[in-house]
Amino acid sequence: MKKTVTTILMVLAATMVGAQDLTHYKRVIKELSSAKYQGRGYAKDGANKAGKFLQREFEKAGVDEVTLQPFKLDINTFCGKMKMWADGRKLRAGVDFSMREYSPGVKGEFPVYHVDTLNYDADRMFADLARPEYANCLVACDFWFTYKHRKDFSKLQKAGECPNAGLIYTWEAPIKFFKAYGEKVVDKPIIWVTPEAIEGVQSVKADVDNKFLKDYECNVIAKVDGERHDSCYVFTAHYDHLGNLGKKVFYAGANDNASGTAAIVTLAAYYAKHRPPYDMYFIAFSGEDANLRGSNYYVEHPIVPLSQIKYLFNIDMIGDNNPVQYCEVSDEGMQGYKLFEKINAEKHHFKALHRGDLAANSDHYPFATRHVPCIFLENEKGDAFQYYHTIFDTYQTVRFDSYEPVFRLVRDFVEQNPIER
């Protein structure tokens with residue numbers, strides 16, 4: 001009877017810990033995706049405010065040390081006027097249109113030249129653009145078509161190459177916004193627009209402000225001391241996001257990546273209460289959406305030698321409900337991935353693991369190129385994934401199904417991992 005009671009108490013305790021973690025997880029996501037942080041971007045001090053919040057969260061979680069690692073970040077932003085009309089019809093920022101991240105501002109009224117993609121001829125296009133009726137026009141074309149013919153369209157972005165005023169890229173709704181190449185500003189404005197908003201339009205009026213910022217951002221690094229200090233595990237997630245599109249619109253980034261950030265906060269709280277055999281580092285990176293700037297800085301200035309990392313887990317966009325978990329793995333991490341697969345097959349955390357090709361798409365990549373064993377965890381193609389990099393990635397659309405399976409899979413891996421570097 002005593003054994004039965006003890007077992008029941010243990011099960012209840014484990015259930016309570018799981019519930020407590022999920023509550024904490026949801027609270028962190030809700031906070032980070034709130035208007036207070038304005039999309040955790042680089043204008044309105046959003047990312048820095050989020051970094052200070054995370055510093056406090058790690059401290060409350062009971063970690064042994066929190067370090068702020070500042071780095072230089074220059075970035076183009078859009079936090080002023082953001083208005084556009086197509087043949088007199090007002091378009092909605094973040095719904096009908098957004099800006100290319102390296103675009104300057106744009107003010108005025110412009111004729112629209114629609115590229116004939118079915119009968120495309122570059123010489124004819126440039127001849128048309130030299131005609132008086134298309135002077136100072138905006139050239140409208142499907143983005144992927146411009147990408148396929150980027151040698152031609154790159155001329156339309158440069159001053160002196162062609163008399164057009166700028167470009168309009170069409171992209172299927174929901175319209176996207178990016179920051180990856182925002183460390184520069186090009187000569188001419190580039191606007192993202194849904195095909196429906198620009199189809200057949202003869203004239204566009206725009207009033208858009210940009211501001212190029214030079215400031216410091218911070219990586220937030222928490223540490224839980226283990227029994228040994230010669231090796232460590234590292235858990236990473238980026239807390240920055242896209243920030244603002246004008247004065248009123250911001251990108252909440254609940255899935256991308258408040259979800260991953262909240263996961264490493266709760267992992268830090270777990271290991272602060274369950275002391276691990278090795279040191280544990282929890283790094284909340286800034287600058288990921290600005291082309292991995294924070295993680296690239298870190299690998300050049302690590303606070304612990306990269307050679308001491310037994311395994312690194314990069315958790316990005318797990319706020320979804322696909323029962324199949326997507327992974328990317330470094331070459332040195334493949335032995336560990338086999339253990340991941342074994343654990344998942346035995347405990348059924350996910351229906352399956354799907355391993356994709358290693359890519360420079362998140363903060364694991366700078367570590368992978370430096371031979372660190374690492375894995376990238378991202379829950380793709382669930383109900384929340386369609387809102388990636390849109391204004392609809394909010395606390396209302398994020399999903400919580402993947403959190404506990406990811407948490408348990410990572411925890412089980414750390415408990416079973418025999419790998420020595």
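Me: Where is E172 found in this predicted model?
Reply: Happy to start there, and as you say, this is a predicted model. The strands on either side are β7, covering 166–170, and β8, covering 190–193. E172 sits between the two, so its place is the loop between β7 and β8.

Me: Does E172 count as buried or exposed?
Reply: The relative accessibility of E172 is 52%. The cut-off for this class is over 50%. Because 52% passes that cut-off, E172 counts as exposed.

Me: Which residues form the negative surface patch?
Reply: E172, the loop residue we just met, belongs to this patch. Joining E172 in the negative surface patch are D142, E196 and E199.

Me: Which peptide bond is cis with omega near 0 degrees?
Reply: Stay in the loop between β7 and β8, where P174 has its place. The bond leading into P174 has omega near 0 degrees, and it is the cis bond from A173 to P174.

Me: Where does N257 lie, given that the peptide bond from D256 to N257 is cis?
Reply: For the bond from D256 to N257, omega is near -5 degrees. N257 falls within residues 254–273, and these make up helix α7.

Me: Which residues form the positive surface patch?
Reply: Here we meet lysines. K44 is one member and lies in the loop between α1 (2–32) and α2 (46–61). Another member, K247, is found in the loop between β12 (243–245) and β13 (249–251). The full positive patch is K44, K83, K90, K247 and K248.

Me: Does K247 count as buried or exposed?
Reply: K247 has a relative accessibility of 57%. Since the cut-off for the class is over 50%, K247 counts as exposed.

Me: What is the phi of K44, which is not a glycine?
Reply: K44 counts as partly exposed, because its relative accessibility is 37%. Its backbone deserves a look too: although K44 is not a glycine, its phi is positive, at about 55 degrees.

Me: And what is the phi of H371, also not a glycine?
Reply: H371 lies in the loop between α10 (365–368) and β18. With 49% relative accessibility, H371 counts as partly exposed. Its phi is positive as well, at about 70 degrees.

Me: How many salt bridges does the structure hold?
Reply: Side chains of opposite charge can pair when their charged atoms come close. The pair of D207 and K81 is an example, with a salt bridge between them. Across the structure, the number of salt bridges is 20.

Me: How many residues apart are D207 and K81?
Reply: Their closest N and O atoms are 3.9 Å apart, and a salt bridge is counted within 4 Å. This pair links distant parts of the chain, with D207 in strand β9 (residues 203–208) and K81 in the loop between β1 (65–77) and β2 (82–86). Along the chain, their separation in residues is 126.

Me: Which residues are linked with K81 in a network of salt bridges?
Reply: K81 counts as partly exposed, at 39% relative accessibility. The network holds D207, and it also takes in another lysine and another aspartate. Together, the residues linked with K81 are K107, D207 and D209.

Me: Why are E346 and K342 separated by about one helical turn?
Reply: The side chains of E346 and K342 meet in a salt bridge of 2.9 Å, N to O. E346 is partly exposed at 46%, and K342 is partly exposed at 44%. Both belong to helix α9 (residues 334–347), and the turn follows because their spacing there is 4 residues.

Me: Is E101 buried or exposed?
Reply: E101 meets R100 in a salt bridge, 3.0 Å from N to O. R100 is buried, with a relative accessible area of 11%. The relative accessibility of E101 is 1%, and because buried means under 20%, E101 counts as buried.

Me: What radius of gyration does the protein chain have?
Reply: The protein chain has 11 helices and 18 strands, and its C-alpha atoms fill a box of roughly 90 × 40 × 40 Å along the principal axes. With 421 residues, a compact globule would have a radius of gyration near 22 Å. The value for the protein chain agrees with that, at 24 Å.

Definitions and conventions:
Residues are numbered from 1 along each chain as its sequence is written. This is a predicted model: local features need pLDDT of at least 70, side-chain atom pairs count only at pLDDT 80 or more; totals for chains, interfaces and linings use all residues. Side-chain values use heavy atoms; hydrogens and water are left out. Patches are made of residues with over 30% relative accessible area and no salt bridge: like charges are joined within 9 Å, nonpolar side chains (Val, Leu, Ile, Met, Phe, Trp, Tyr) within 5 Å. Accessible areas come from the Shrake-Rupley method with a 1.4 Å probe; for residues, only the protein chains shown count as cover. Lys and Arg count as positive and Asp and Glu as negative; His and the chain ends are not counted. The place of a charge is taken as NZ of Lys, CZ of Arg, CG of Asp or CD of Glu. Buried means under 20% relative accessible area, exposed over 50%, partly exposed in between (1.4 Å probe, protein chains only). The radius of gyration is taken over C-alpha atoms; the globule rule is 2.2 Å times the number of residues to the power 0.38.
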